[in-house]
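Good morning, and thank you for making time for this item. I would ask you to keep the sequence and the structure in view while I speak.

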Amino acid sequence: MNASNTAQVVGACPHDCPDTCSLVTTVVDGVAVRVAGNPEHAHTGGVLCAKVSKYAERTHHPERLLHPLKRVGPKGSGQFRRVSWDEALDDIAARLKAIAARDPQAILPYSYAGTMGLVQGESMAARLFHRLGASLLDRTICSSAGGEGLTHTLGGKVGMQVQFFAESRLILIWGSNSIGSNLHFWRLAQEAKRNGARLVCIDPRRSETAEKCHEHIALLPGTDAALALALMHELITHDWLDHGYLEQHTLGWDGLRERALQWPPERAAAVCGVPVEQIRQLARDYGETAKRGEPVAIRLNYGMQRARGGGNAVRAVACLPALVGAWRHRAGGVLLSSSGSYPVRRARLQRPDLLGAQRPRVVNMTTIGDDLLRDASPAFGPRIEAVVVYNSNPVAVAPDSSRVVQGFAREDLFTVVLEHFQTDTADHADYVLPATTQLEHWDIHGSYGHTDVLLNRPAIAPLGEARTNTDVFRALAERLGFDDPCFQDNDEALCRQAFEGVIDFDTLLARGYATLDIPDAPFAQGGFPTPSGRCECFSAALAAQGLDGLPDHLPNFEAPGSDPRHPLAMISPPARNFLNSSFVNVTSLRDIEREPVLEMHAGDAAPRGIADGDLVRVFNDRGEYHCTARVGDRARPGVVNGLGIWWRKFGVRGTNVNQLTSQRLTDLGRAPTFYDCLVEVHKA
Ligand code: SF4
């Protein structure tokens, strides 16, 4: 190897994961040969997950899209011919221009967290669609129920700093398979465990994380608020409360106290489907540890907010630390997301001012299935005529996928997809445009699991004819005749704008990351960023919307036991080697997962004549999904786990688990209810 042709480039992991690792890519002769964790970056600690360790394989994958493609077969057939960029962009611009002349709201941008980068995510794209006056997208598909719940309680997506979990004495890992999706937190939890901390996992599934904790509370999906209220009941009745903290730093405690007293552990045990003693013991552990002055911490994750009452559940859990004064310690409190800690200059990046006087409608990405099939109406506005998809794969990941497929199969819908690979969504495109990966472009990142800013430098030149998202939207802006100077900003300039005046860009250039200046124990003296400055057990803002101002347990739309035809509750957590629908096409990772599976408890499998390894048909009124039964102790009785998210084309009979999930929305945040889903299972 000639050392002069070898370089190491510092970047950032772009994936939808709270860890936001710092990457070091080794490049030899223009080829990325290795992607490793940056040992200099404390949160990364030189370690990456198995998925992103394969990022060089993913980037140089033989199936990377390297040229623009134009559809030549029927919608969804995946038949395309290669075209030049000019041909593609000229035609796309002409089609969008014609639609915009009738009503720009008939154009819908559809994007999510295929990259978490602020530049290749929503910068130039948002500028273009704002300038056009296209429909706005309500980006709800993952975290908005919990985000809104947290905001109405703590004032924003804020919480304790992740590194201090290592000093906690009791950690509740709630709704999270940390080993699979928050690996660097898990390392801290392990450190705490070595120092004598107790780890409790609260999750319907006996995940890899659950089996390594001291205790696993396998509650029924969508019953987390009932458990939190029962814990409060016990904290009150045993007086494990921090009265001083409650008095000075909470709002509405008296009302919440009254509500919690309606939730004795027996009531919660019946709702949650767990032994009453387990609830009592958890409350005792939490209350007594805190009472001794030791730090108690909760690592909440988004799994538990994917049911009807998800927003309320997050509110209930987020109140717990205030009851025992856990915030007084830097190793106490709760962390769901730290993303609200970042002073991102979003308006600077996305330029909503380009809307001028236009006030486009907002389309919820969760209901894309129904919305693509809706006719024009005064309530909805114009029929959707064009969709531009980037950083997302809705045909695989959006709920109720029969409807989503039907919508994207509309011959009269003009669909453009910017992608790395020929995904299920790309199969339905009129144009597929090859996008750069993280190794080929500039970007800048915050995180939702720590509080560092990371810069991503390109390590290699774009492969084939791949172009950055920003470049594509710049080129479209030019063809649409938009000459605002902001469409000339290059990607490095956009990176500088993201945290201008807050983070020293030279530090980022030199080191690749910089840390926000946040107090170790941000709410030790209250000072929550809520309207009252307190932890809001009662939210006047919610009450003003006609909602309950206090958190409560809201039973699932599809509550276990409520439908004899579909007696099993289903959740669909990610398979360990996939990240949403990313990495499903990386052969070495798919080989580990082997096939789409449904985890079942033996007590549910046996009466149905289902044995481990059988092909099964999982169904409800929305559709049916075919996969292999894995019978064992990962699933609790009454609940099946359909691990996701397989691309439909890699699934059995072209199906994936979202055939079964519904488009109904959560109590707060207008989010999907993926884990609020009843099914029946038969041997296929
Ligand atoms: S997916 Fe998460 S754990 Fe894996 S490299 Fe990216 S940020 Fe790190």
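By contact I mean heavy atoms within 4.5 Å. With that understood, A88 is in contact with P68, V83, Y431 and L433, once its neighbours within four places in sequence are left aside. Please bear in mind throughout that this is a predicted model.

Let me stay with A88 for a moment. This residue belongs to helix 3. Is A88 buried or exposed? Its relative accessibility is 0%, and since buried means under 20%, A88 counts as buried. A88 also illustrates how the chain returns on itself: A88 and V416 are separated by 328 residues in sequence, yet their C-alpha atoms are 9.8 Å apart in space.

Helix 3, residues 85–102, leads us to helix 18, because helix 3 is included in what covers the buried residues of helix 18. The cover also includes helix 4, strand 15, strand 16, strand 17 and helix 19. Helix 18 spans residues 469–479, and eight of its eleven residues are buried, so the helix is largely enclosed by the rest of the structure. The buried residues are N469, T470, V472, F473, R474, A475, L476 and A477. Just after helix 18, G481 adopts a positive phi of about 80 degrees.

I turn now to the sheets. As a general point, strands of a sheet pair through backbone hydrogen bonds, either parallel or antiparallel.

One open sheet has five strands, in the order 10-9-8-12-13, and its pairing is parallel. Which strands stand at the edges? They are strand 10, residues 215–217, and strand 13, residues 333–335; each has a single partner strand, so one side of each is left without a neighbour in the sheet. From one strand to the next, the twist averages 20 degrees. Within this sheet, strand 8 (residues 170–174) and strand 9 (residues 198–202) run parallel and are joined by five bridges. W174 has I202 as its bridge partner in strand 9.

Two helices that pack on this sheet deserve mention. Helix 12, residues 276–291, touches strand 8, strand 9, strand 10 and strand 12, and its direction makes about 135 degrees with that of strand 8. Helix 13, residues 310–324, touches strand 8, strand 12 and strand 13; its direction makes about 165 degrees with that of strand 12.

W174 appears again when we consider the nonpolar cores. The largest of these has 81 residues, and W174 and L320 are the members with the most contacts inside it. Leaving aside neighbours within four places in sequence, L320 is in contact with W174, A228, L231, M232, L235, Y286 and I298. There is a second, separate core of 53 residues, which includes A134, L433, L455 and F487. L433, you will recall, is one of the residues in contact with A88.

The next sheet is an open one of three strands, in the order 1-2-3, with antiparallel pairing. Its edges are strand 1 (6–12) and strand 3 (31–37), each with a single partner strand, so one side of each is left without a neighbour in the sheet. Neighbouring strands here are turned by 25 degrees against each other on average, direction ignored. Six bridges link strand 2, residues 22–28, to strand 3, and V24 has A36 as its bridge partner in strand 3.

Further along the chain, strand 26 covers residues 639–642. How are its two faces placed? Both are covered: V639 and N641 on one side, and V640 and G642 on the other, are all buried. Strand 22 (residues 568–571) runs parallel to strand 26 and is joined to it by three bridges, with M570 opposite V640. Strand 23 (residues 597–600) runs antiparallel to strand 26, through two bridges, and there L598 stands opposite G642.

A brief word on a loop residue. S143 is found between strand 7 and helix 5. Although in a loop, S143 is buried, with a relative accessible area of 11%. Not counting residues up to four places away in sequence, S143 touches Y112, K157, Y302 and Q305.

Finally, the ligand. The residues surrounding it are C13, C17, D19, T20, C21, L48, C49, V52, H184 and L579. By class, this shell has seven nonpolar, two polar and one charged residues.

Technical notes: Residues are numbered from 1 along each chain as its sequence is written. This is a predicted model: local features need pLDDT of at least 70, side-chain atom pairs count only at pLDDT 80 or more; totals for chains, interfaces and linings use all residues. Side-chain values use heavy atoms; hydrogens and water are left out. A residue is near a molecule or strand if one of its heavy atoms lies within 4 Å of it. Ala, Val, Leu, Ile, Met, Phe, Trp, Tyr, Cys and Pro count as nonpolar, Asp, Glu, Lys and Arg as charged, and the others, Gly among them, as polar. Buried means under 20% relative accessible area, exposed over 50%, partly exposed in between (1.4 Å probe, protein chains only). Helices (H or I, at least four residues) and strands (E, at least two) are DSSP runs, numbered from the N terminus. Two strands pair if DSSP finds at least two bridges between them. A nonpolar core is a set of buried Ala, Val, Leu, Ile, Met, Phe, Trp, Tyr and Cys residues joined through side-chain atoms within 4.5 Å. Axes are lines fitted to C-alpha atoms, for helices over the stretch in contact, and angles run from 0 to 180 degrees between N-to-C directions.
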